[in-house]
Amino acid sequence: MSLHPNNEKRMIALAAALALSLALAGCGRAADQASKMTSFSTAESRESKAELFSLPADQMSHIQIVAVTQGPLARILRLTGAVEYNDFKTTPVITQVGGPVSRVAVVQGEHVRAGQALLYVASPDYSLLRSAYIKARDAFQLADKVYRRAQDLYAHHAISQVDLDQAQSTRTQAQADFESSADAIRILGISNPETIVTKPASPEVPLYSPVAGEVVDRQCSPGQLLAAGATQCFTLSDTSSVWILVNIYQNDVAYVHVGDPVTIENESYPGAVHGKIAYISPALDPNTRTLQARIEAANPGERLKKEMYVTAEVQAGMIPNALFVPNSSVLRNEQNMPYVYLQTGQAQFARRDVTLGDSHDGQTQILTGLQANDRVVGDGSLFLQFQNSLQR
């Protein structure tokens with residue numbers, strides 16, 4: 001049977017197109033296979049992950065076989081926290097006299113000593129206190145002289161007992177007024193009230209630093225009106241010691257105790273700072289289900305600043321019967337899930353998914369997936385990963 005010339009041409013074109021499509025599909029499959037053979041990726045299917053594969057005997061020297069070890073392992077909890085001032089070494093400075101600030105003598109960040117003048121107040125209250133002290137001082141000195149003279153006269157029978165008692169009463173009252181006015185001066189930070197008598201009179205009264213430390217906050221400016229006993233002017237803190245506030249997850253609460261040593265690291269400075277757990281809150285935060293703990297740490301060089309984020313490693317005792325492998329045994333797939341290569345025969349291996357715990361001193365704890373004395377690949381696991389991908 002002969003075909004029409006036009007039909008014959010269409011059949012020839014269709015056959016050519018079909019041949020070209022098959023050729024291109026074959027090239028694509030070959031390219032995909034080549035890609036898999038040369039890739040380091042381990043994108044096996046879920047079913048292929050458990051498949052065994054063998055390693056040629058001449059390549060066994062490229063890997064190290066280690067046994068899963070069981071024994072005590074340090075429990076290290078890695079917590080994030082923020083730096084705060086040590087409240088026990090932080091002091092608010094409140095003025096005890098009212099009036100406008102005439103001048104400020106220090107700036108924020110400056111280190112001051114105890115008794116150093118921080119600012120000066122032009123205070124009418126101070127002028128009244130100074131005047132009252134001088135009057136009470138002179139009245140007491142006079143009453144004391146009168147009383148001593150009365151004692152001498154009474155000894156020589158020159159005055160009566162009533163006169164002596166009156167002189168003694170006057171002296172006692174004058175002494176009480178004098179001591180009261182001296183205490184009012186001392187409250188201002190002037191430890192020796194006698195100095196206000198010898199120095200020239202001035203309406204300015206200094207506000208002295210009650211402790212040594214760093215001026216971490218300044219809350220007043222020249223011209224500001226201060227209220228006696230109410231206005232806070234500065235905050236001083238001894239920043240050689242700071243607090244680190246961390247949150248402990250509910251599952252780890254049982255392992256953390258007051259006194260546990262802590263190593264603190266931050267990204268700003270190299271090296272570690274050491275401290276210890278000083279306080280653990282008695283109640284969990286209902287929103288985060290965490291327990292807040294306070295770490296007290298030395299701050300050499302004042303490297304730790306307020307509100308700085310740090311990492312705190314808490315040595316929370318020991319795990320008595322932990323399973324662990326070298327860090328080099330643990331690999332991760334494209335979903336970042338951990339696994340190891342388990343030796344199942346002389347040169348036969350299989351991938352085994354695992355759950356990880358703490359990692360410390362080159363050892364990683366295995367929570368699930370392995371048993372004690374299982375043999376896994378240590379150094380060379382990346383080589384085995386490559387060989388496995390070639391066999392897939």
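Here are some friendly notes on this predicted model, point by point.

1. Let's start with confidence. The protein chain has an average pLDDT of 81, and 84% of its residues score at least 70. The mean is lowest in helix H1 (residues 5-38), at 43, and highest in strand E11, at 95.

2. Please read the beginning of the chain with care. Residues 1-7 stay under 50 in pLDDT, and the model gives them one contact beyond four places in sequence. Over residues 11-50 the pLDDT is also below 50, and this stretch has 22 contacts in the model beyond near neighbours in sequence.

3. Next come the aromatic rings. Searching the whole structure turns up four aromatic pairs. One of them joins Phe88 and Trp243: the ring centres are 5.3 Å apart and the planes stand at 90°, so this pair is edge-to-face. Phe88 belongs to the loop between strand E3 (69-85) and strand E4 (90-94), while Trp243 belongs to strand E12 (residues 241-249), so the pair ties together parts that are 155 residues apart in sequence.

4. Are the two partners of that pair buried or exposed? Phe88 is exposed, with a relative accessible area of 66%. Trp243, on the other hand, is buried, at 7%. The edge-to-face pair therefore brings together an exposed ring and a buried one.

5. There is also an aromatic cluster to look at. Tyr133, Phe140 and Phe178 are linked into it by ring pairs.

6. Two arginines are worth a look for their positions over tyrosine rings. Arg75 lies over the face of Tyr255, 3.7 Å from the ring centre. In the case of Arg351, the charged end sits over the ring of Tyr339, at 3.8 Å from its centre.

7. On cysteines, the search of the whole structure finds zero disulfides. Which cysteine sulfur is nearest to that of Cys220? It is the sulfur of Cys233, 4.2 Å away, and Cys220 is in no disulfide. Why is there no bond between Cys233 and Cys220? A disulfide needs the two sulfur atoms within 2.5 Å, so the 4.2 Å between the sulfurs of Cys233 and Cys220 is too far for a bond. Both cysteines are buried: Cys220 has a relative accessibility of 2%, and Cys233 has a relative accessible area of 0%.

8. Ser237 is in strand E11 (residues 232-237), the element where confidence is highest, at a mean of 95. Ser237 is buried, with a relative accessible area of 1%. What does Ser237 touch, leaving aside residues up to four places away in sequence? Its contacts are Tyr85, Asn86, Lys89, Thr90, Gly213, Glu214 and Val216.

9. Finally, have a look at Ser123. You will find Ser123 in the loop between strand E7 (117-122) and helix H2 (124-155). Ser123 counts as buried, at 1% relative accessibility. Where does its side chain reach? The side chain of Ser123 comes to 2.7 Å from the backbone oxygen of Gly98. Not counting residues up to four places away in sequence, Ser123 touches Val97, Gly98, Pro203 and Val205. Gly98 thus appears both as a residue touched by Ser123 and as the one whose backbone oxygen the Ser123 side chain reaches.

Note on methods:
Residues are numbered from 1 along each chain as its sequence is written. This is a predicted model: local features need pLDDT of at least 70, side-chain atom pairs count only at pLDDT 80 or more; totals for chains, interfaces and linings use all residues. Side-chain values use heavy atoms; hydrogens and water are left out. Rings of Phe, Tyr and Trp (its six-membered ring) pair if their centres lie within 6.5 Å; planes under 30 degrees apart count as stacked, over 60 as edge-to-face and the rest as tilted. Helices (H or I, at least four residues) and strands (E, at least two) are DSSP runs, numbered from the N terminus. Buried means under 20% relative accessible area, exposed over 50%, partly exposed in between (1.4 Å probe, protein chains only). A charge sits over a ring if NZ of Lys or CZ of Arg is within 6 Å of the ring centre and within 35 degrees of the ring normal. Contact means heavy atoms within 4.5 Å. pLDDT is the predictor's confidence in each residue, from 0 to 100. A polar contact is a pair of N or O atoms within 3.5 Å; within protein, one must be able to donate a hydrogen and the other to accept it, and residues adjacent in sequence count only if both atoms are side-chain atoms.
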